[in-house]
Amino acid sequence: MPRDMFGDVVDPSIKLGSQKWYTVPLSILAHVALFAAVIIIPLMATDVLPTPPSMMAFVGAPPPPPPPPPPPPAAAAPTPKAPTPVANPNAAPIEAPKAIVPETPSVGVSEGVPGGVEGGVPGGVMGGVVGGLPEAPPPPPPPPQAPVRVGGAIKQPTKLKNVPPVYPPIAQSARVQGVVIIEATIGADGKVKDAKVLRSIPLLDQAALDAVKQWVFTPTLLNNVPVPVIMTVTVNFTLQ
């Protein structure tokens, strides 16, 4: 029984190395022949290789077309004709006239011009203005000279008329007194044209301005010409 169970192990029926000795070399030769048939034989068959196309890269390009012919020359501009001289009617004739035509008498100066004005001037212009041209308007007066300030060559004018200020009752009641300084503009005729307060006392300013505007001074001369001037005057208010 044990021999039956392990018979294949003890006495195997398949023997290793039972192949023939020439099997391996024969297999190698078969493989070499197969590779030769697949690779070497196609390389040797040169007549079966495809023919490459002919090279066209070196073929010369066709010559360019000839340039177009030049345009025809432009027609010359026609030469302008010389203007025909116009005969002067006042020129002397070259040939003698066939007949002498009597001249029409022109209107004399003494006879006047048609449409003229009665009492006109002989030789006047037709369509003139009655009484002649109007006279040119007189030139505009020169602009007034700006006032100059007193000082240096400009001497202070002398007061000709003095008007004392009226003391305001409210200032007297408040016992207000002092000096009001005013800048006065004196015209070329010596009269005060304008006045403004430089140093103020509120209760006395208007009384000082009213008095100064009534003062009159001598005209101030500059190059022997009266000119307006600006000067400073003072008005003193003192309680009695």
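**Exercise 1.** With which residue does Asp189 form a salt bridge, and how far apart are the closest N and O atoms?

*Solution.* The structure is a predicted model.
Step 1. Side chains of opposite charge can pair when their charged atoms come close.
Step 2. The partner of Asp189 is Lys193, and the closest N and O atoms of this pair are 3.4 Å apart.
Step 3. A salt bridge requires the nitrogen to be within 4 Å of the carboxyl oxygen, so the pair is accepted.
Step 4. For the surroundings, Asp189 has a relative accessible area of 40% and is partly exposed, while Lys193, at 54%, is exposed.

**Exercise 2.** Determine which residues are joined into one network by salt bridges that share partners.

*Solution.*
Step 1. The search of the whole structure gives three salt bridges.
Step 2. In one of them, the side chain of Arg149 meets that of Glu183, with 3.1 Å from N to O. Arg149 belongs to strand E1 (residues 148-149) and Glu183 to strand E3 (residues 178-186); the two residues are 34 residues apart, and the pair links distant parts of the chain.
Step 3. Glu183 also forms a salt bridge with Lys196, where the closest N and O atoms are 3.5 Å apart. Lys196 lies in strand E4 (residues 192-199) and Glu183 in strand E3, so this pair ties together parts that are 13 residues apart in sequence.
Step 4. Glu183 has a relative accessible area of 14%; buried means under 20%, so Glu183 is buried. Lys196, at 48%, is partly exposed.
Step 5. Arg149, Glu183 and Lys196 are therefore joined into one network by salt bridges that share partners.

**Exercise 3.** Describe the geometry and the location of the aromatic pair formed by Tyr167 and Phe237.

*Solution.*
Step 1. A pair of aromatic rings is described by the distance of the centres and the angle of the planes.
Step 2. The count of aromatic pairs is two. For Tyr167 and Phe237, the centres are 5.5 Å apart and the angle between the planes is 90°, an edge-to-face pair.
Step 3. Tyr167 lies in the loop between strand E2 (159-161) and helix H4 (169-173), and Phe237 lies in strand E8 (residues 229-237), so the pair ties together parts that are 70 residues apart in sequence.
Step 4. Both Tyr167 and Phe237 are buried.

**Exercise 4.** Classify the pair of Trp215 and Phe217, and state which residue lies over the face of Trp215.

*Solution.*
Step 1. The ring centres of Trp215 and Phe217 are 6.4 Å apart, and their planes meet at 65°.
Step 2. Planes over 60 degrees apart count as edge-to-face, so this pair is edge-to-face.
Step 3. Trp215 is buried, at 4% relative accessibility, and Phe217 is buried with a relative accessible area of 4%.
Step 4. Lys159 lies over the face of Trp215, at 3.5 Å from the ring centre.

Notes: Residues numbered from 1 in each chain as written. Predicted model: local features only at pLDDT ≥ 70, side-chain atom pairs only at ≥ 80, totals over all residues. Heavy atoms only, no water. Helix = DSSP H or I, 4+ residues; strand = E, 2+ residues; numbered from the N terminus. Buried < 20%, exposed > 50% of the residue type's maximum accessible area, 1.4 Å probe, protein only. Phe/Tyr/Trp six-rings, centres within 6.5 Å; stacked < 30°, edge-to-face > 60°. Lys NZ or Arg CZ within 6 Å of the ring centre and 35° of its normal.
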